[in-house]
Every structure is written in C-alpha cells, then in structure tokens.
Amino acid sequence: MFKFSKIEKEALDENDVQKLYVRYFDIGLHPESNLPIPISPVRFEQNPKGYTIVPVVFIQNKIMLQPSLDVENLAQKTFDFIEQINSKNKIDCREIQIDCDWTLNSKEKYLKFIEVFKKLSKKKLSATIRLHQVKYFKKTKIPNVDSGVLMYYNMGSIAPDSLNSIYDQKVAERYLKSLKKYPLHLDFAFPIYSWGVHIRDNKVIGLRSKMNSARLEKDSNFEKTSPIFFRVKHSNYKNGVFYEENDLLKIEEIKAEDLKEMAEDLQDNLVEKPNEIIFYDLDEFNLNNYEKNIFKQVVSWF
C-alpha cells in the first residue's frame, strides 16, 4: 500500500527527495498452472504527485528457469500491467526498474526479457545488480539497460551464526575491486531495514520483519544474551508469531556507522560517481532507527 505516515513525509521533505522507487508487484509462479502471475500489486491510497515515480517489478529467478517460458508474452504482460497501474493512478513514469537475481542458468531468458521489454516500453530502463554479477560479469553478462543499481545488501546466508546477512564488510571487500572494471553505470541502494532471524534448536525457522534490538530490550519475554542475540524467557506470541521458551532471535540491523562505512568503501573503488543513492526502504519503523541527517551525510560522501 502506498501511503505516507507523518514521519515518512517529514523524512522525504527534510532530505529533498524528489524520486521514489515504488514496488509495483512481484512476478511469481502460479502454484497449479506454473505460469507467471503478478503477486500483491501496489495500492495507491494517496496520489504521489510531486514525486517522480519509478515502478519496480521483482521477478523471481525461477520464472526465468521455466523451460516453456514465453519471454515476449511475459514482457508484454508485465509492461501492460505497469501501464494499467499508472493509468488508474494518473502517474506519468519515464523510467522502469526490473529487479531479478538472475543466474548462469537463467541469464539467456532474462537478457532476452530485458531486450524485449526495453523495445516495448520505450522508457529509460534500469536493473538491479548484485555484487556477484559485478565481479563475474563476463560469465553472468550485463543486461541491456540504461543503468544499474548495485544492491549493497543481502550479502550472506541467513544462518544461526553470528554474521550479519544484510551487510558484512569482509564479504563486500571481496567484490569492491571489481567495480572499476564493470562497464555499466551504477547507482547504489543501501539498506536501512532490520529483521530478526528466528532460531530453534540451532536451526533457522523464519525471518521476522520489523524487529530491532531497541524493541526487544523493552520486552520482558526476551533477554539479551549478546549484542545481537536475544533468548526467549517465556513462551509467547508476538505479532502473530509463536516464540517458544529458549528460542533465539538474532537481530540483523544496519547502524549509521555501517552506512557511512559502505559509502566510504564504495567511494574508494569508483570509476564514476553514482547519480543516485537509494535507501531501502521508506518505512516509519526503519526511519526511527536513524538521526534525521544521516541520509544527507551518506550522500555527501559521493
């Protein structure tokens, strides 16, 4: 649902934000027909006038792995649905972004999808790029888009260990040097979200969104056992999820220092400056974790 809270609107105004990347819908597989279908399309509860809107469509990689996939048909339907949402909400968009973590096995179909979509839309096209796609671009190839957005997050696996899967400087370092050789212009997307990794008997049983240390420290059902781990003291329900006594929650969050560190490390490895820094995602819960001027500070590194 697209609707600003007071805090979200203030954050946009204070940071002079004029452009919003809005998730329009995901594309997944229908459980019975195995055909691509749009999942949870955006609902505009207020008009986004005053902002440049870039529709973002996330395509699950398994779509591109379907042997019988009709790429032209998928591109046409994807574009038509974006246009339908724009028309209904009186949005005139000049750019569309496609988000897909394509692999070596899916790259041919994905690259073809981008080619077809670009011709159909006649708009500026951007695509999300992961760190591994930068380092191994000769193998993974580069989509024919006007620019890429390097997603500087989700760097590790979600596991019961003590590493942060959202951001890990040591993991990022393995890829940074490759940025200088990457032939496509890149903008950057930084994470400002947090979550809890729910662990039972040393196994991950789920990801719990909108969870941070500050919130758990105030909850008497949880006790902090380390800077990132909380133990469930008493079995309880929280936000519709059952936590059993002795379950663990590992909190993965991004602090202001992490954002500055990311900016500094990227700045040291650039060929050209990014045109944009995108923060993911605009949400009151996320914004409350940061000082108001942090976003300007991070952008000022570039």
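I take partly exposed to mean a relative accessible area between the two limits, buried being under 20% and exposed over 50%. I apply that to Lys224 first: its relative accessibility is 41%, so it counts as partly exposed. The model I am reading is predicted.

**Entry 1. Lys224 and its partner**

I looked up what the side chain of Lys224 meets, and found a salt bridge to Glu217, 2.6 Å from N to O. Glu217 is also partly exposed, because its relative accessibility of 47% falls between the limits. I note the background here: side chains of opposite charge can pair when their charged atoms come close.

**Entry 2. Other salt bridges**

I asked how many salt bridges there are by this rule. The count comes to 21.

I picked out the one between Glu10 and Lys6, whose side chains meet at 2.9 Å, N to O. The two residues are 4 apart in helix H1, so about one helical turn separates them. On accessibility I wrote down two classes for this pair. Lys6 is at 64% and therefore exposed, while Glu10 is at 28% and therefore partly exposed.

I then went to Glu253, which forms a salt bridge with Lys255; their closest N and O atoms are 3.6 Å apart. Is Glu253 buried or exposed? Its relative accessibility is 17%, so I enter Glu253 as buried. Lys255 has a relative accessible area of 43% and is therefore partly exposed. I also found salt bridges with shared partners, which join Lys19, Glu95, Lys124 and Glu276 into one network.

**Entry 3. Nonpolar cores**

I asked which members of the largest nonpolar core touch the most other members. Of its 85 residues, these are Tyr24, Ile98, Phe113, Tyr152 and Phe190. The element that gives the most to this core is helix H3 (residues 71-88), with 7 residues.

I listed the neighbours of Tyr152, leaving out residues up to four places away in sequence. Tyr152 touches Leu131, Tyr167, Ala172, Leu176, Ala189, Phe190, Pro191, Met262, Asp265 and Leu266. Phe190 is thus on this list and also among the core residues named above.

There is a second, separate core of 9 residues, and I noted Met211, Phe222, Val232 and Leu249 among its members.

**Entry 4. His198**

I placed His198 in strand S8 (residues 195-200). Its relative accessibility is 0%, and a value under 20% means buried, so His198 is buried. What does the side chain of His198 join in a polar contact of 2.8 Å? I found the side chain of Asp247 there.

I also took down the residues that His198 touches, again not counting those up to four places away in sequence. They include Lys203, Val204, Ile205, Gly206 and Arg208, and the list also has Val241, Phe242, Tyr243, Asp247, Leu248 and Leu249. Asp247 is therefore on the touch list as well as in the polar contact. Leu249, which His198 touches, is one of the residues of the second core.

**Entry 5. Val204 and a surface patch**

I followed Val204 from the His198 list. Val204 lies in strand S9 (residues 203-209). At 33% relative accessibility it counts as partly exposed, because that value lies between 20% and 50%. Val204, Ile158 and Leu207 make a nonpolar surface patch of about 200 Å².

**Entry 6. Backbone angles**

I recorded the general expectation before looking: most residues other than glycine have a negative phi, and most peptide bonds are trans.

I found a cis peptide bond from Tyr280 to Asp281, with omega near 5°. Asp281 sits in the loop between strand S15 (277-280) and helix H10 (284-287).

Asp16 is not a glycine, yet it has a positive phi of about 50°. I located Asp16 in the loop between helix H1 (6-14) and strand S1 (19-29).

Lys122, also a residue other than glycine, has a positive phi near 55°. I found Lys122 in the loop between helix H4 (107-121) and strand S5 (124-129). Its relative accessibility is 73%, so Lys122 is exposed.

**Entry 7. Gln76**

I looked up Gln76 in helix H3. Its relative accessible area is 32%, so I enter Gln76 as partly exposed. Gln76 and Val116 are 40 residues apart along the chain, and their C-alpha atoms are separated by 8.3 Å.

Conventions. Residues numbered from 1 in each chain as written. Predicted model: local features only at pLDDT ≥ 70, side-chain atom pairs only at ≥ 80, totals over all residues. Heavy atoms only, no water. Core = buried A, V, L, I, M, F, W, Y, C linked by side-chain atoms within 4.5 Å. Buried < 20%, exposed > 50% of the residue type's maximum accessible area, 1.4 Å probe, protein only. Contact = heavy atoms within 4.5 Å. Polar contact = N/O pair within 3.5 Å; in protein donor to acceptor, adjacent residues only side chain to side chain. Patch = residues over 30% accessible without salt bridge, like charges linked within 9 Å, V, L, I, M, F, W, Y side chains within 5 Å. Areas by Shrake-Rupley, 256 points an atom, 1.4 Å probe, with all protein chains shown as cover. Salt bridge = Lys/Arg side-chain N within 4 Å of Asp/Glu carboxyl O.
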